[in-house]
Amino acid sequence: MSQNRRKFIKNAAISAGGIGMFSILPSSVWGANIAPSDQINVALIGCRNHGFNILRHHLNNEGVNCVALCDVDENVLHERAKDVKEAYGQNPKLYRDFRKLLEQQDIDAVIIGTPDHWHCLIFVYACQAGKDIYVEKPLANTIGECDIMVRAANHYSRVVQVGQQQRSNEGFNETMEIIKSGDIGRLRKVNIWANFNYGIGATPVEDSSVPEGVDYDFWLGPAPKRPFNRARFHGSWRHFWDYGGGLFSDWGVHLIDMGLWSDDLLGGPERVITYAGNNSNQTGMRDTFDTMNVTYPKKNYVINFDMNGGVQEGPWGKPYGVAFIGDKGTMVADRAGYKLYPEYDNNTESHKTAARSLSNISDAHDHHVRNFLDCIQSREPPRCTPEMGYAAAVHAHIANISGRVGEHLLEWDDENMRFTNSEKANEYIIPEYRKPWKLPEV
Ligand SMILES: NC(=O)c1ccc[n+]([C@@H]2O[C@H](COP(=O)([O-])OP(=O)(O)OC[C@H]3O[C@@H](n4cnc5c(N)ncnc54)[C@H](O)[C@@H]3O)[C@@H](O)[C@H]2O)c1
């Protein structure tokens with residue numbers, strides 16, 4: 001996002017109105033910018049899968065306490081409460097409604113581990129309640145929501161870490177250092193690929209009754225009312241536009257983020273060229289695409305993304321990865337490490353750069369969470385700021401919108417938050433919330 005737009009947003013935020021359905025805490029609370037003591041109290045909203053994984057990474061640090069859990073599925077909530085008790089000897093308060101959780105005064109930070117369609121509302125309420133936030137990626141399910149969240153984080157001066165943990169991955173950090181030092185020569189192209197079986201959707205099932213203990217209406221929240229179907233619920237919601245963006249936004253934001261980081265780019269893309277289709281023979285239940293090719297032309301280089309849901313093999317023998325192509329060599333990186341393949345110079349009969357590699361590196365979640373905890377204390381920006389989350393998510397959402405409106409080329413004005421060559425695409429920027437939920441205003 002351009003500096004101008006950021007400045008505009010900051011100024012606009014100062015004269016902002018209220019947000020959402022309810023006001024939560026007085027401004028004296030969110031206005032305070034005081035780091036907590038040596039103890040950090042965290043709460044988790046959305047406990048089933050990855051949110052709980054992130055909570056565990058928090059609790060593995062000394063002085064971090066789980067003081068609250070919230071889920072709209074009581075089965076998940078009680079199971080996770082038991083897990084926290086058994087593994088850490090702690091007894092968090094339990095909530096079904098995140099708004100009640102946010103009233104709990106001793107919470108320093110919340111982890112948002114819900115499906116994507118909930119991120120924005122919970123995030124803005126948490127900002128208003130004066131909590132710091134670890135929000136899972138993609139930042140939100142629409143461009144408009146991502147923009148609101150960046151503004152909320154700045155307006156309420158919250159420390160926010162977006163769950164794009166590759167920013168804390170040792171291999172990707174070294175990769176960026178090598179690229180920025182000029183060791184692969186001029187960066188010309190970033191080729192990204194993501195091939196995963198799950199990208200074709202869930203096994204189709206009939207609609208059924210809502211499982212006992214699930215507040216399905218609350219799970220849907222701002223999304224349209226629909227009959228209950230297990231294939232659209234826990235875990236597999238990501239294949240339906242109401243709640244997620246398919247493989248392209250799920251894995252895509254992690255990988256696009258690497259393409260942007262290599263030149264420290266923020267903001268949305270100026271131009272996106274997209275092919276998107278459902279070309280596989282497989283009949284998984286989904287709205288989202290299983291086959292995509294997307295090109296993001298940048299000033300100094302080009303980012304290409306090749307996605308195949310339902311396919312698990314990929315270039316360089318990897319199901320996913322990023323190849324940074326420079327004049328002197330190509331860096332191929334994934335979460336396990338990297339390898340630099342140098343170009344050979346026939347004139348000098350030597351390689352243009354030194355080969356090097358790193359492998360078997362450990363999971364980055366620990367580092368990403370530790371960085372968040374440190375930033376809660378220091379009030380410094382964490383490794384993955386909302387602006388970085390915005391940039392990756394908006395790149396992904398625009399490609400999906402392109403597929404949805406059937407237009408291969410979309411031109412985006414990030415300053416004014418609109419497409420300049422498609423009115424149809426403009427209809428996808430701001431989501432329509434189902435009542436009584438209201439899109440937050442900041
Ligand atoms: N960073 C990563 O590598 C990574 C990996 C996996 C998932 N994720 C992200 O984590 C998030 C969660 O994904 P998941 O796979 O764990 O989903 P999931 O469906 O397994 O779990 C989501 C949980 O949120 C609960 N929930 C839904 N609405 C709620 C609400 N309003 N209040 C409280 N609880 C609510 C659900 O009942 C469920 O227990 C997504 O944004 C996803 O993209 C990130």
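Is K137 buried or exposed in this predicted model? K137 is buried, with a relative accessible area of 10%, where buried means under 20% relative accessible area, exposed means over 50% and partly exposed lies in between (1.4 Å probe, protein chains only). The model is predicted, with local features needing pLDDT of at least 70 and side-chain atom pairs counting only at pLDDT 80 or more, while totals for chains, interfaces and linings use all residues. Residues are numbered from 1 along each chain as its sequence is written, and side-chain values use heavy atoms, with hydrogens and water left out.

**View 1. The surroundings of K137, in the loop between β5 (132–135) and α7 (143–155).** Helices (H or I, at least four residues) and strands (E, at least two) are DSSP runs, numbered from the N terminus. Leaving aside neighbours within four places in sequence, K137 is in contact (heavy atoms within 4.5 Å) with D116, H119, V162, G163, Q164, S249, D250, V253 and H254. A polar atom of the K137 side chain lies 2.9 Å from the backbone oxygen of D250; a polar contact is a pair of N or O atoms within 3.5 Å, and within protein one must be able to donate a hydrogen and the other to accept it, with residues adjacent in sequence counting only if both atoms are side-chain atoms. K137 and Q166, which are 29 residues apart in sequence, are 11 Å apart in space, C-alpha to C-alpha.

**View 2. Helix α11 (residues 252–261), a mostly covered element.** Ten of the ten residues of α11 are buried, and among them are V253 and H254, two residues that also appear in the list of K137 contacts. Other buried residues of α11 include G252, D257 and W261.

**View 3. The largest nonpolar core, with 108 residues.** A nonpolar core is a set of buried Ala, Val, Leu, Ile, Met, Phe, Trp, Tyr and Cys residues joined through side-chain atoms within 4.5 Å. Within this core, F98, L101, V110, F123, F248 and F324 touch the most other members, and helix α13 (residues 386–405) gives the most to the core, with eleven residues. Domain 1 (3–167 + 367–385) and domain 2 (171–361 + 395–420) both give residues to the core, so it lies between them. F98, with neighbours within four places in sequence left aside, is in contact with I45, C70, W118, I122, Y125, F218 and W437. A second, separate core of 24 residues includes I40, I54, V64 and I376.

**View 4. The two domains of the protein chain.** The chain is divided into domain 1 (3–167 + 367–385) and domain 2 (171–361 + 395–420), with bounds that come from an automatic or database domain assignment. The centres of the two domains, taken over C-alpha atoms, are separated by 25 Å, and 31 residues of domain 1 are in contact with 38 residues of domain 2. UniProt, in an unreviewed entry, lists residues 40–163 as "domain: Gfo/Idh/MocA-like oxidoreductase N-terminal"; UniProt positions are given in the numbering used here, feature names are shortened, and annotations may be inferred rather than shown by experiment. In the model, the span 40–163 is 42% helix and 22% strand, and its end C-alpha atoms lie 19 Å apart.

**View 5. Q104, in the loop between α5 (98–101) and β4 (109–112).** At 7% relative accessibility, Q104 counts as buried, and a polar atom of its side chain lies 3.3 Å from the backbone oxygen of V67. Leaving aside neighbours within four places in sequence, Q104 is in contact with V67, A68, K93, Y95 and K131.

**View 6. T385, in the loop between α12 (365–378) and α13.** T385 is buried, with a relative accessible area of 13%. Not counting residues up to four places away in sequence, T385 touches V160 and V162, and V162 is also one of the residues in contact with K137.

**View 7. Cysteines C47 and C120, each in no disulfide.** A disulfide is a pair of cysteine sulfur atoms within 2.5 Å, and by this rule the count comes to zero disulfides. For C47, the nearest cysteine sulfur, that of C70, is 6.8 Å away, and C47 counts as buried at 0% relative accessibility. For C120, the nearest cysteine sulfur, that of C146, is 8.1 Å away, and C120 is buried, with a relative accessible area of 0%.
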